[in-house]
Every structure is written in structure tokens, then in C-alpha cells.
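Work through the following exercises with the sequence and the 3D structure at hand. Each one sets a task and is followed by a solution in steps.

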Amino acid sequence: MEEASLSALWWAVIASGLYHGVNPGMGWPLAVSAALMEQRALALPRALLLLAVGHLAAMLVILLPFSAMITLVSLEREIRIGAACLVIGMGLYLLIADRHPRFLARISPAKLGLWSFLVAIAHGAGLMLVPIYLGICAMEQGAGHAAAGTLMGADLRMALLVAAVHTLAMALAGGLLAIGVYFWLGLRFLQKAWFNLDRVWAASLVFVGLFALVLALRS
């Protein structure tokens, strides 16, 4: 049962990455736009790389503080419950206040890495990973009597791994869409088939938070 739960959490890391990559709000249309404006195919992978680097940085900024907090083994369950409630709260907030932060529109298109970092923070993309990450750590640790230094090292490596796997899935999904639009579908596709996932995004935060809360309460 525990192995199945651990596997489900890792699939959640990958699925959330794929979901973030497919969501146009995470920036893959900007990569297409950059390549079209420069009229060079090589601009596409460069833009996608910048978006991925920014997204990875945002994941780590959120996850790394929790990698230190989880060394408080006696409060591990409370931390997981608190993180789950934080994610649920963020999802509910985005459902109510569905406007995009205005400061994101003021960032130059040339600064894709910075834009990707800030949009992932503003939309709670990193928060979505927190309860999943904490659940993985709780199941992987097993030994609650390990020294704090050992736990912190293990949790730091896990935070890096979770962020990397998630970002790789995100870059793969967004990259495939961007390549398809640039080489075959064209800009007309973006104009006619643009899809807005803001509501789905907010609802998914609530879902992930509730899923993590149930796991934490059952532990």
C-alpha cells in the first residue's frame, strides 16, 4: 500500500509537470513568438531552455525551505497538513481573484527566464509541489530517529530531484507543443485555438491540496 502511494506521488510530480508544460500560461507560446520574430528555428530551443530554467528556479525557491523544515520530525505531520492547507487556500484565492498580476506584463519578452520564474511563483506552481514533495519525503525517510543533518541532506537531494523531474516533464510537454505550433500549425493556431486553463489551474491546486491533506491525516 505504501509503495503504491509513493508511486502515485511520483506520478503526481510528473503529471503536474506535464500539466504546467501544456498550460499556455507557463509560457510555451512565448517561445514560439520569439522564434517567429527572430525568424530562426534555433531561437525556439533557447527560449524553451530559459523558460525551463526560470520554472526550475521557482520550484526550488519554494521547495528548499521545506527541505529544512521537515527535519523537525516531531512536527512532520503538522507541516504536511499546513502545506496542504496553504495549497488549498492558494487555489481558492485564484478561483476568486482570477486576474493576472499586472507586474508580469511589464517584463520584457527578452527576459524569459525571469518571466517564467515570476509567473510560476505568482500562480502557485511551486506550491503545488510542496505537499507532494513532503509526502514523498515522509515515505522515503522511514527512519524517524536519523540525525537532523542526515535528514536535511536527504531532503535537500529529494527537493532537487522532485524539482528536476517536474521541470523536465514541464519542458517536454511545453516543448512538444511549441515545436508543433512553430513547424506545422503556425501562428493562426494560437489565434484560433488558444485555451485558457486558469480555472482548471486553480481547481487543480485545491485538488492536490485535498489529496495531500488526506494522506497527511492518514499517516
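**Exercise 1.** In this predicted model, find which side chain makes a polar contact with that of Ser-16, and decide whether Ser-16 is buried or exposed.

*Solution.* Begin by locating the residue: Ser-16 sits in helix H1, which spans residues 2–22. Next, look at what its side chain meets, and you will find a polar contact of 3.0 Å with the side chain of His-166. Then widen the view to the residues that Ser-16 touches, leaving out those up to four places away in sequence, and the list reads Met-128, Leu-129 and His-166. Finally, compare the relative accessibility of Ser-16, which is 5%, with the cut-off for buried residues, which is under 20%; Ser-16 therefore counts as buried.

**Exercise 2.** Determine how many salt bridges the model has, and describe how Glu-38, Arg-40 and Arg-46 are linked.

*Solution.* The count comes to 2 salt bridges, taking a side-chain nitrogen of Lys or Arg within 4 Å of a carboxyl oxygen of Asp or Glu as the rule. In one of them, the side chains of Glu-38 and Arg-40 meet with an N to O distance of 3.1 Å. Glu-38 also forms a salt bridge with Arg-46, where the closest N and O atoms are 2.6 Å apart. Since Glu-38 takes part in both pairings, the three residues Glu-38, Arg-40 and Arg-46 are linked in a network of salt bridges. As a last step, consider how accessible each partner is: Glu-38 has a relative accessible area of 35% and is partly exposed, Arg-40 is partly exposed at 39%, and Arg-46, with 44%, is partly exposed as well.

**Exercise 3.** Identify which residues form a nonpolar patch on the surface, and classify Phe-183 by its accessibility.

*Solution.* The patch is made of Ile-179, Phe-183, Trp-184 and Leu-185, and together these residues have about 470 Å² of accessible area. Of these, Phe-183 can be placed in helix H7, which runs over residues 148–185. Its relative accessibility is 47%, so Phe-183 counts as partly exposed.

**Exercise 4.** List which residues of helix H5 are buried, and state what phi Gly-124 takes.

*Solution.* Helix H5 covers residues 112–122, and its buried residues are Leu-112, Gly-113, Trp-115, Ser-116, Val-119, Ala-120 and Ala-122. Moving on along the chain, you reach Gly-124 just after H5, and this residue takes a positive phi of about 75°.

**Exercise 5.** Describe the protein as a whole, and then examine which residues the UniProt annotation "transmembrane region" covers.

*Solution.* Start with the elements: the protein has 9 helices and 0 strands. Turn next to burial and surface, where buried residues make up 47% of the 219 residues, while the accessible surface comes to about 11200 Å², with 71% of it belonging to carbon and sulfur atoms. Among the contacts with a separation of 6 or more, 84% are between residues 24 or more positions apart. Now bring in the record: according to an unreviewed UniProt entry, the annotation "transmembrane region" covers residues 49–72, 79–97, 117–138, 159–185 and 200–217. Two of these spans can be checked against the model. Residues 79–97 are 95% helix and 0% strand, with end C-alpha atoms 26 Å apart, and residues 200–217 are 100% helix and 0% strand, with their end C-alpha atoms 26 Å apart.

Key. Residues numbered from 1 in each chain as written. Predicted model: local features only at pLDDT ≥ 70, side-chain atom pairs only at ≥ 80, totals over all residues. Heavy atoms only, no water. Buried < 20%, exposed > 50% of the residue type's maximum accessible area, 1.4 Å probe, protein only. Helix = DSSP H or I, 4+ residues; strand = E, 2+ residues; numbered from the N terminus. Patch = residues over 30% accessible without salt bridge, like charges linked within 9 Å, V, L, I, M, F, W, Y side chains within 5 Å. Areas by Shrake-Rupley, 256 points an atom, 1.4 Å probe, with all protein chains shown as cover. UniProt positions renumbered as here; feature names shortened; annotations may be inferred. Contact = heavy atoms within 4.5 Å. Polar contact = N/O pair within 3.5 Å; in protein donor to acceptor, adjacent residues only side chain to side chain.
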